[in-house]
Amino acid sequence: MDIGITGKQTIVVEKPMTAEVVGSGQLPVFATPCMIALMENTASGSVAPYLEEGQDTVGTCVRVEHVSATPVGMTVTCETKLTEIDGRRLIFQVKACDEAGLIGEGIHERTIINVQRFVERAQAKRPAESK
């Protein structure tokens, strides 16, 4: 895996993606959590082909600004670029635009994990009677 890997994904904003539906506000516009999910998904997908079998990435940090509202029906395009690799830590520049321009941008960090160990550790947090 090398610095410079890019990702791109385009979606059309639908009602289930609005702030009023996901609970992040009362307005019928593209919700910030949905924009962040799009950024994470785009970044994750961009590096997936470079991972070894049994590996995946998990989001560990998101520092983004949501600078413009997008109504239902508009197209949003997300672009990501891997800008730094620090061991298992991957740092991405992320940006989302609708047809009118920039709606959000910032930094997203992901960590490469071993899927089996990760799931085992997560399950170990549960009380013994619910495992």
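What follows is a walk through the fold, the surface and a handful of residues of one protein chain.

The model is a predicted one, so local features were taken up only at pLDDT of at least 70 and side-chain atom pairs only at pLDDT 80 or more, while totals for chains, interfaces and linings use all residues. Residue numbers start from 1 along each chain as its sequence is written, and side-chain values rest on heavy atoms, with hydrogens and water left out.

Starting with the overall layout, the chain holds 3 helices and 5 strands; these are DSSP runs numbered from the N terminus, with H or I over at least four residues for a helix and E over at least two for a strand. Read from the N terminus, the order is β-α-α-β-β-β-β-α. The C-alpha trace spans about 45 × 40 × 20 Å along its principal axes. Of the 131 residues in the chain, 31% are buried, where buried stands for under 20% relative accessible area, exposed for over 50%, and partly exposed for what lies in between (1.4 Å probe, protein chains only). As for contacts (heavy atoms within 4.5 Å), 64% of those between residues at least 6 apart in sequence join residues at least 24 apart.

Turning to the surface, the accessible area of the chain is about 7700 Å², and carbon and sulfur atoms account for 50% of that. Areas come from the Shrake-Rupley method with a 1.4 Å probe, and for residues only the protein chains shown count as cover. On the charge side, there are 13 positive and 17 negative side chains, with the centres of the two sets 6 Å apart. Lys and Arg are the positive ones here and Asp and Glu the negative ones, with His and the chain ends not counted; each charge is placed at NZ of Lys, CZ of Arg, CG of Asp or CD of Glu.

M1, I3, Y50 and I85 make up a nonpolar surface patch of about 370 Å². Patch members have over 30% relative accessible area and no salt bridge, and are joined within 5 Å for nonpolar side chains (Val, Leu, Ile, Met, Phe, Trp, Tyr) or within 9 Å for like charges. One of the patch residues, I3, sits in the segment before β1; I3 counts as exposed because its relative accessibility is 55%.

Salt bridges come next, and the structure has 7 of them, each being a side-chain nitrogen of Lys or Arg within 4 Å of a carboxyl oxygen of Asp or Glu. E20 pairs with K15, and their closest N and O atoms are 2.7 Å apart. Both ends are partly exposed: E20 has 33% relative accessibility, and K15 has a relative accessible area of 48%.

A second pair is E79 with K95, at 4.0 Å from N to O. This bridge links distant parts of the chain, since E79 belongs to strand β3 (residues 75-86) and K95 to strand β4, 16 residues apart. E79 is partly exposed with a relative accessible area of 34%, and K95 is also partly exposed, at 34% relative accessibility.

D86 and R89 form another bridge, with closest N and O atoms 2.9 Å apart. R63, D86, R89 and E109 are joined into one network by salt bridges that share partners. Within that network, D86 is partly exposed at a relative accessible area of 42%, and R89 is partly exposed at 29%.

Strand β4 offers two further residues for a closer look. V94 lies in this strand and counts as buried because its relative accessibility is 1%. Beyond four places in sequence, V94 touches M39, V64, E79, T80, G104, E105, G106, I107 and H108. G106, for its part, is 12 residues from V94 in sequence, with a C-alpha to C-alpha separation of 5.4 Å.

C97 lies in β4 too, which covers residues 89-98, but C97 is partly exposed, with a relative accessible area of 23%. Leaving aside neighbours within four places in sequence, C97 is in contact with T75, V76, T77, L102 and I103. The C-alpha atoms of C97 and V62 are 17 Å apart, with the two positions 35 residues apart along the chain.

Finally, T18 is a loop residue, found between β1 (6-12) and α1 (19-22). T18 counts as buried because its relative accessibility is 1%. Not counting residues up to four places away in sequence, T18 touches L27, P28, V29, A31 and V72.
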